Amino acid sequence: MIRSAALAKVNASPVQQKGRVMASQKGASALYYVVMTLAKEGVVMNLLRFIFSFTALLILHACGDHGYEGQYRLAADRADGLFGSMASVMGVEEITIGHDFVEANGSRQVYDDIFVRDSGDRAYLVFKRGESEEAWRIKGKDTLVQGNQLMRLEYTRVH
């Protein structure tokens, strides 16, 4: 048993032998030598690449979008009653929804958060600013409905 351990030490590469000697010594020079040896072998660089890639992936995932960004146009035949007529007269026929804003006619409303909320069998795009919330019903992949049964505007995504 002692002989096989001795042979293992003798048959080890010079880097391994020197690493054992240096690692057995106490001090900063031994740690420096071990880190530099690993750096030459690429272990540290591979670890740093992995940590960087994983961190970038987490950041991109955390900045995830709600999926409804883009330009929407008021469907002329879908604007109901007085509310739809007023929107057409005021020129609010096209809006842009971003990650945290809604822009219409050059004016931008910034929100704390825009997210999708499921409620029963319906989904809503919720615009939250402070304690107040406004919810638009998601009618389809490319259609949003603002308002209720009496007064509503239906926007379709412009592709």
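## A tour of a nine-stranded sheet

Among contacts in this protein between residues at least 6 apart in sequence, 35% join residues at least 24 apart. Keep in mind as you look around that this is a predicted model.

Let's start with the overall picture. The protein has five helices and nine strands. Reading from the N terminus, the elements go α-α-α-α-β-α-β-β-β-β-β-β-β-β. The chain has 159 residues, and 25% of them count as buried. Its accessible surface is about 11,500 Å², and carbon and sulfur atoms account for 60% of that.

### The sheet

How are the nine strands of the open sheet ordered? They follow the order 4-3-2-1-9-8-7-6-5, with antiparallel pairing. At the edges you'll find strand 4 (107-110) and strand 5 (113-119), each of which pairs on one side only. From one strand to the next, the twist averages 30°. As a bit of background, strands of a sheet pair through backbone hydrogen bonds, and they can do so in a parallel or an antiparallel way.

Now zoom in on two of the pairs. Strand 6 (residues 122-129) and strand 7 (residues 132-140) are antiparallel and share seven bridges. If you look along that pair, F127 sits opposite E134 in strand 7. Strand 3 (residues 101-104) also runs antiparallel to strand 4, and four bridges join the two. Here A104 stands opposite S107 in strand 4.

Strand 3 and strand 4 form a hairpin, with two residues between them. One to look at is N105, in the loop between strand 3 and strand 4. Its phi is near 55°, which is a positive value in a residue other than glycine.

### Four residues to compare

Here are four residues side by side, with how much of each one is accessible.

| Residue | Where it is | Relative accessible area |
|---|---|---|
| V102 | strand 3 | 11%, buried |
| T143 | strand 8 (residues 143-147) | 16%, buried |
| I51 | helix 4 (residues 43-62) | 43%, partly exposed |
| N105 | loop between strand 3 and strand 4 | 52%, exposed |

Why does V102 count as buried? Its relative accessibility is 11%, and buried means under 20%, so V102 falls on the buried side of the cut-off. What does V102 touch, not counting residues up to four places away in sequence? Its partners are T96, I97, S107, R108, Q109, Y111 and F127. You've already met two of these names: S107 is the residue opposite A104, and F127 is the one opposite E134. You can also check a distance for yourself: V102 and Q71 are 31 residues apart along the chain, and their C-alpha atoms are separated by 9.7 Å.

T143, in strand 8, counts as buried too, because its 16% relative accessibility is under the 20% cut-off. Leaving aside neighbours within four places in sequence, T143 is in contact with R137, I138, E154, Y155 and T156.

N105 is exposed, because its relative accessible area of 52% is over the 50% cut-off.

### A nonpolar patch

Finally, have a look at the surface. Which residues make the nonpolar surface patch of about 610 Å²? They are M45, L47, L48, F50, I51 and F54. I51 is the one from the table: this residue of helix 4 has a relative accessible area of 43%, so it counts as partly exposed, between the 20% and 50% limits.

Note on methods
Residues numbered from 1 in each chain as written. Predicted model: local features only at pLDDT ≥ 70, side-chain atom pairs only at ≥ 80, totals over all residues. Heavy atoms only, no water. Pairing = 2+ DSSP bridges. Axes fitted to C-alpha atoms, helices over the stretch in contact; angles between N-to-C directions. Patch = residues over 30% accessible without salt bridge, like charges linked within 9 Å, V, L, I, M, F, W, Y side chains within 5 Å. Areas by Shrake-Rupley, 256 points an atom, 1.4 Å probe, with all protein chains shown as cover. Salt bridge = Lys/Arg side-chain N within 4 Å of Asp/Glu carboxyl O. Buried < 20%, exposed > 50% of the residue type's maximum accessible area, 1.4 Å probe, protein only. Contact = heavy atoms within 4.5 Å.
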